[in-house]
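The exercises below can be worked through with the sequence and the coordinates side by side. Each one sets a task and is followed by a solution in steps.

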Amino acid sequence: MRPDARRTTLADIARAAGVSVATVSKVVNGRGDVAPGTRTRVQELLHEHAYLAPVFRHTDAGESPTIEVQFRGGLKSYVAETLEGIVDAASESGASVVVSKASAAPHWARNLVSAGRRAVIAITSVYTAAHLNELARSGLPLVVLDPLHLPDSRIHSVGATNFAGGLAATQHLLSLGHRRVAYLGGPAMAVCNQARLHGFRAAMEAGGVPVPEAHTRPGEFTYESGLLGAAALLDLEEPPTAVFAGNDEIAVGVVEAARARGLRVPEDLSVVGFDDTSLARMASPPLTTVRQPLREMGGAALRTALRLANGERVDSHHIELATELVVRASTAPPRAATPEHG
C-alpha cells in the first residue's frame, strides 16, 4: 500500500456488501448472529480489500492478545504436552489461546484476522506456498513447532537438537555392546527425521559399525508404523539386536511387535524412543528415550508469537532447545555380549 493510500474501512465493506456497519463489525469480531450467506459475502470482501482489523494493527493497553494454535491429526501425547507449555506461557504472559485443527478452507487466515487472532502457532503442520501466501496477505505471523519441512524465510520455528539426540541414542546402544542397530523413523523428508537419522549414522560410522540398507526404514510417527517396521526388521535373516525409533509411538509399536514374536525387551531386543512423552514413562518396560523439552518448546513458541504480533524484532528465525538421553528399562547389553569400556 502507498503511504498516502487510504485504508479500507468497515463502512467501505458495508457499502459494498449492502449491509450495515454493525453487521460487518460482527463478522470481523467473530460474532455468531449473522446469516451464513451474509457472513460469506462480507468475508470475501474483507479478503478482496485486504482489510486488517484494528485489533491486529494495534494493541490497546490492557488488551489480551489471542493466539491461534493449530495441529493436524489426533491429540497425541506429543501435541498435548507441547500444548501444555503453550498454555502455561500464555497464562504467564496474559495472552489467550484458541486451539483448532489446521484448516484448508478458503480465506482461512483472513478469517482468523477477522476473529481477532494476532498470530498462529502450528504444531508439526505442513504449510504449502499457498498457506504461506495466505498468511502473508493477512499479516498474521506464523511460528512452527518442530517443522516437518525446511523452514521458510517467511516463518519462525522452534525445535530441538535432533542430530545430537540421534547421536546420543545410538552411542548409548553401541556402549552396551550392540552392533546390529537399526533406525526406524518417520517421514523420510521430515527435517527432524533426517537429523535423527544423520545422528544415528554419524554414531555408527564413528564406532566403525556398518549399517545394512535394510536397517534404516522411514515410515510415519505412529504406533502402527512401529508395528509394521519392526515386523520387517525382525523378519530379516540377521535381525537387529537394538532399534532406535524416531519417536516414542514408533518405539512402543516396536516393543509390541517383539512381544508378538515371543521376544523380550530388553533381554532379546533393546529399544530407544524419542520425545520422552508420558507414553514412554507408562510403557512396559519404561522406555529409554531422548527427551525433547516439549513444554519448554511450546513456551518458546508462544513468546516468539507474541513478540512478532507486537511488531518486535526476533533475532533468530529458528530456535533449538537441547535434547537429553533418559535411560530406563528398555535397553540392555545384547545376549552373550558385555558393554565395551573406554
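What percentage of the 342 residues in the protein do buried residues make up? Buried residues account for 49% of the 342 residues, where buried means under 20% relative accessible area, exposed means over 50%, and partly exposed lies in between, with a 1.4 Å probe and protein chains only. This is a predicted model, in which local features need pLDDT of at least 70 and side-chain atom pairs count only at pLDDT 80 or more, whereas totals for chains, interfaces and linings use all residues. Residues are numbered from 1 along each chain as its sequence is written, and side-chain values use heavy atoms, with hydrogens and water left out.

**Exercise 1. Set out the elements and the sheet that contains strand 6.**

Step 1. The protein has 13 helices and twelve strands; helices (H or I, at least four residues) and strands (E, at least two) are DSSP runs numbered from the N terminus.

Step 2. Six strands form an open sheet in the order 7-6-8-9-10-12, and its pairing is mixed; two strands pair if DSSP finds at least two bridges between them. Its edge strands are strand 7 (216–217) and strand 12 (324–326), each of which pairs on one side only.

Step 3. Strand 6 is joined in the parallel sense to strand 8 over four bridges, with Ala245 of strand 8 as the bridge partner of Leu184. Strand 6 and strand 7 also pair in the parallel sense, over two bridges, and here Leu184 stands opposite Arg217. From strand 6 the chain crosses through helix 9 to strand 7, a right-handed β-α-β crossover; right-handed means that, with the strands pointing away from the viewer, the path from the first strand over the helix to the second runs clockwise.

Step 4. The side chains of strand 6 complete the picture: Val181 and Tyr183 point one way, Ala182 and Leu184 the other way, and all are buried.

Step 5. Strand 8 (residues 242–245) and strand 9 (residues 270–275) run parallel and pair over three bridges, with Val243 opposite Val271 in strand 9.

**Exercise 2. Describe helix 9 and what covers its buried residues.**

Step 1. Helix 9 has 16 residues and spans 22 Å from its first C-alpha to its last, close to the 22 Å expected at 1.5 Å a residue; the expected span is 1.5 Å times one less than the number of residues.

Step 2. Its buried residues include Cys192, Asn193, Arg196, Phe200 and Met204. Among the elements that cover the buried residues of helix 9 are helix 8 (162–175), strand 6, strand 7, strand 8 and strand 9, where contact means heavy atoms within 4.5 Å.

Step 3. Just after helix 9, Gly208 takes a positive phi of about 70 degrees.

**Exercise 3. Which residues of helix 7 are buried, and which side do they take?**

Step 1. In helix 7 (residues 129–138), the buried residues are His131, Leu132, Glu134, Leu135 and Ser138. They lie on the same side of helix 7 because they cover an arc of only 160 degrees around the axis, the arc being that of the directions from the helix axis to the C-beta atoms.

Step 2. Ala130 and Ala136, on the other side of helix 7, are exposed.

Step 3. Gly139 follows helix 7 and has a positive phi, near 85 degrees.

**Exercise 4. Describe the sheet with the order 2-1-3-4-5-11.**

Step 1. This is an open sheet of six strands with parallel pairing. Strand 2 (96–101) and strand 11 (318–321) stand at the edges with a single partner strand each, so one side of each has no neighbour in the sheet.

Step 2. Within this sheet, strand 4 (residues 142–145) and strand 5 (residues 156–160) run parallel and are joined by three bridges, with Val144 opposite Ser157 in strand 5.

**Exercise 5. Characterise the surroundings of Asp33 and His172.**

Step 1. Asp33 is found in the loop between helix 2 (21–28) and helix 3 (36–48), and is partly exposed, with a relative accessible area of 43%. Leaving aside neighbours within four places in sequence, Asp33 is in contact with Lys26 and Arg39.

Step 2. His172 has its place in helix 8 and is buried, with a relative accessible area of 12%. Not counting residues up to four places away in sequence, His172 touches Val272, Thr288, Leu325, Val327 and Thr331.
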